[in-house]
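Hi there,

Here is the structure I promised to pass on. Have a look at it first, and then read on for my notes.

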Amino acid sequence: MKITFLGTGTSHGIPMIGCSCNVCTSSDLKNKRRRCSLYVVVGGKHLIIDTPPDFRDQVLSFGVERVDAVFLTHPHADHIYGFDDVRRFSDLQKNHIPVYGSARTIKQMRKKFDYVDRKSHSFGGVPRVCFTDQTEPVRIGEAIVTPLPVSHGADMVYGFLIEGEGARVGYIPDCNGIPAETLRYLENMDLMILDGLRLQEHPTHFSIGESVEMLARIGAKHSCLTHLTHNSEHHALQTQLGEAVTVPWDGMEIQL
Ligand SMILES: [Zn+2]
Ligand SMILES: [Zn+2]
Ligand SMILES: [Zn+2]
């Protein structure tokens, strides 16, 4: 299984518009963070989790070859507003691409992208997709993708467990609480990627301290933070965290 971080930044992205702090003005590419998205190649299938506003740039920058299925964590703007560019893949692949999310997420997608379901457009003009409410594990080729309900402020949103080729990967980009029923799925993990917004506490996201504590509890072989703000300089944060938790960067790949 190959994991590529397409984006590791919070909703503003880094650099943040109108900010001249040392991280936003850094020339180090590890301090440039697009909005959160993950690209997983498993058993010959290509999966995308979330289609943020940067999706087109992410696909071109990090070589997304095809898209066999899209999984959506929740309908916040920073996770869905690049969705229209999925149309290039449905056009190239000449098929409908399945798109999975909670009933609430799919309802919002049908509303925000109402033109997608219209029949009048010619092929290629709109994404050709099959919106599907997901509550159970879904099989894509040899891989199994299980939704992981987590709290994100007052909302329940999804993370996903991806199993395939003997590896188990958890991805929860937006979250400030993991219920016991969800934690039970996160055993014997090879890789766990978890929201760790910033050092200060936040009402809808784990702080870095809370995230590191939760990652230690989950005890995956490899732990990563994501959804980072401009308050975290890449190298300074990595030095602070030591070897237990990796601070990823956009384009970073992990082969499992
Ligand atoms: Zn987000
Ligand atoms: Zn800044
Ligand atoms: Zn969110």
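To start with a question: does Leu161 count as buried or exposed? Please keep in mind that this is a predicted model. Leu161 counts as buried, because it has 20 C-beta neighbours inside 10 Å, and 20 is where the buried class begins.

As for its setting, Leu161 belongs to strand β9, which covers residues 155–164. Leaving aside residues up to four places away in sequence, Leu161 touches Thr146, Leu148, Arg168, Gly170 and Tyr185. You may also want to display Met189: its C-alpha is 9.4 Å from that of Leu161, with the two positions 28 residues apart in sequence numbering.

Next, some backbone geometry. Most residues other than glycine have a negative phi, and most peptide bonds are trans. Against that background, three places caught my eye.

- Glu165 is not a glycine, yet its phi is positive, at about 50 degrees. Glu165 sits in the loop between β9 and β10 (167–172). With 13 other C-beta atoms within 10 Å, Glu165 is partly exposed.
- Lys94 also has a positive phi of about 50 degrees without being a glycine. The loop that holds Lys94 runs between α3 (86–93) and β5 (97–101). Lys94 counts as exposed, because it has 9 C-beta neighbours inside 10 Å.
- Between Ile14 and Pro15 the peptide bond is cis, with omega near 5 degrees. Pro15 is placed in the loop between β1 (2–7) and β2 (37–42).

Happy to talk it through whenever suits you.

Best wishes

Definitions and conventions: Residues are numbered from 1 along each chain as its sequence is written. Chains are lettered from A and ligands numbered from 1 in the order in which they are written. This is a predicted model: local features need pLDDT of at least 70, side-chain atom pairs count only at pLDDT 80 or more; totals for chains, interfaces and linings use all residues. Helices (H or I, at least four residues) and strands (E, at least two) are DSSP runs, numbered from the N terminus. A residue is buried if 20 or more other C-beta atoms lie within 10 Å of its own, exposed if 12 or fewer, and partly exposed in between; C-beta atoms are placed from the backbone. Two residues are in contact if their C-beta atoms, placed from the backbone, lie within 7 Å.
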